[in-house]
Amino acid sequence: MEQQLARIAVFLSGGGSNLQALIDGCKAGILAGQIVWVVSSKTKAYGLTRATDEGIETFVFKPKKYPSPEEASADLLTQLKQRQIEYIALAGYLKLLPSNVVAAFRNRIVNIHPALLPRYGGKGMFGHHVHEAVLAAGDIESGPTVHLVNEIYDEGRILAQVRVPILDGDTPDSLAARVLEQEHKLYPRALNKLIRGEYEVNNG
Ligand code: GRF
């Protein structure tokens, strides 16, 4: 019997290389899902172009354009429901998700972070800030983390990690590139495991 494909929304703010990895994972059958909606906090995010090129519907979510934050988050949730979204994957989304969305999708929202959480997470820990902190601490390894999303930045349950060695002479850029390569392999596989119920979380 053919497996039903999970309906996934991806939220991003930037280049969208992880969006691309998820799209490619769906095509390759690594991820039993389909990306049906891409939401960006920024109008000019290149991830929006990637989505459009793949024929995926896009939306720019700017809460300040609504009369109140409550109306913004209510509209976002309504739109997610209208599209029958089952899972949300954050892929470089730099805003906190509205709490009504987190509550409605409890244990069905994942994020990928470019360091080994619980270290190097929290507000302000994104992009090069993360890799600079890892190098400044003199760590010998780093690597991506996929985790569930709750109301606090980077604090949800850790689902999967990959360790990446730190090499002599590494710069934030060289380390970021090595970690990103692993993110692209890890993210579709970890989301697939969540969808298949292999992490034993209550995602009903
Ligand atoms: C990645 O490093 C990811 O870990 C972090 O934001 C970055 C997004 O990169 N959450 P991209 O837009 O997917 O290329």
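This is a short tour of a predicted model, stop by stop, with something to select at each one.

**Stop 1: around the ligand**

Start by selecting the ligand. Which residues are around the ligand? They are Gly15, Gly16, Ser17, Asn18, Gly92, Ile112, His113, Pro114 and Glu183. Now show the backbone of Gly15 and Gly16. A polar backbone atom of Gly16 is 2.7 Å from an oxygen atom of the ligand, and for a polar backbone atom of Gly15 the distance to a ligand oxygen is 3.4 Å. Next, turn on the side chain of Glu183: one of its polar atoms lies 2.8 Å from an oxygen atom of the ligand.

Stay here and pick Asn18, another residue around the ligand. Asn18 belongs to helix H1, which covers residues 17-28. Is Asn18 buried or exposed? Its relative accessibility is 7%, so Asn18 counts as buried. Setting aside residues up to four places away in sequence, you will find Asn18 touching Ala91, Ile112, Leu180, Glu183, His184 and Tyr187.

**Stop 2: the aromatic cluster**

Select Trp37, Phe59, Phe61 and Tyr66 together, and you have one aromatic cluster on screen. How many aromatic pairs does a search of the whole structure find? The search finds 4. Zoom in on Phe59 and Phe61: their ring centres are 6.3 Å apart and their planes meet at 35 degrees, so this pair is tilted. Phe59 and Phe61 are both buried. Then add Arg83, which lies over the face of Trp37 at 4.4 Å from the ring centre.

From the cluster, step across to Asp75 in helix H3 (residues 69-82). Asp75 is partly exposed, with a relative accessible area of 24%. Beyond its neighbours within four places in sequence, Asp75 is in contact with Phe59 and Tyr66. If you measure from Asp75 to Phe61, the C-alpha atoms are separated by 9.7 Å, with the two residues 14 apart along the chain.

**Stop 3: Ser41 in its loop**

Now select Ser41, in the loop between strand E2 (33-40) and helix H2 (46-53). With a relative accessibility of 10%, Ser41 counts as buried. Show side chains here to see a polar contact between Ser41 and Ser13, at 2.7 Å. Residues touching Ser41, apart from those up to four places away in sequence, are Leu12, Ser13, Phe61, Lys62, Tyr93 and Lys95. Phe61 links this stop to the aromatic cluster you just left.

**Stop 4: helix H5**

Move on to residues 128-136, helix H5. Colour Val130, His131 and Val134, which are buried. Where do these buried residues sit when you look down the axis of H5? They fall within an arc of 90 degrees, so they line one face of the helix. The general pattern behind this is that an α-helix has 3.6 residues a turn, so residues three or four places apart point the same way. To see what covers the buried residues of H5, bring in strand E5 (109-113), strand E6 (141-142) and helix H6 (172-195), which are included in that cover. After H5 comes Gly138, whose phi is positive, near 75 degrees.

**Stop 5: backbone details**

Some backbone geometry is worth a look next. Most residues other than glycine have a negative phi, and most peptide bonds are trans. With that in mind, select Leu117 and Pro118: the peptide bond joining them is cis, with omega about 10 degrees. Pro118 is found in the loop between E5 and H5.

Then pick Asn107, in the loop between helix H4 (99-104) and E5. Asn107 is not a glycine, yet its phi is positive, about 65 degrees. Glu200 also has a positive phi, near 50 degrees. Look for Glu200 in the segment after H6, where it is exposed, with a relative accessible area of 74%.

**Last stop: Glu151**

Finish at Glu151, in the loop between strand E7 (145-148) and strand E8 (158-161). Glu151 is partly exposed, at 36% relative accessible area. Its side chain makes a polar contact of 3.0 Å with the side chain of Arg106. Leaving out residues up to four places away in sequence, Glu151 touches Leu96, Ser99, Val102 and Arg106. For a final distance, pick Glu151 and Val164: they are 13 residues apart in sequence, and their C-alpha atoms are 28 Å apart in space.

Terms used
Residues are numbered from 1 along each chain as its sequence is written. This is a predicted model: local features need pLDDT of at least 70, side-chain atom pairs count only at pLDDT 80 or more; totals for chains, interfaces and linings use all residues. Side-chain values use heavy atoms; hydrogens and water are left out. Rings of Phe, Tyr and Trp (its six-membered ring) pair if their centres lie within 6.5 Å; planes under 30 degrees apart count as stacked, over 60 as edge-to-face and the rest as tilted. Buried means under 20% relative accessible area, exposed over 50%, partly exposed in between (1.4 Å probe, protein chains only). A charge sits over a ring if NZ of Lys or CZ of Arg is within 6 Å of the ring centre and within 35 degrees of the ring normal. Helices (H or I, at least four residues) and strands (E, at least two) are DSSP runs, numbered from the N terminus. The arc is that of the directions from the helix axis to the C-beta atoms. Contact means heavy atoms within 4.5 Å. A residue is near a molecule or strand if one of its heavy atoms lies within 4 Å of it. A polar contact is a pair of N or O atoms within 3.5 Å; within protein, one must be able to donate a hydrogen and the other to accept it, and residues adjacent in sequence count only if both atoms are side-chain atoms.
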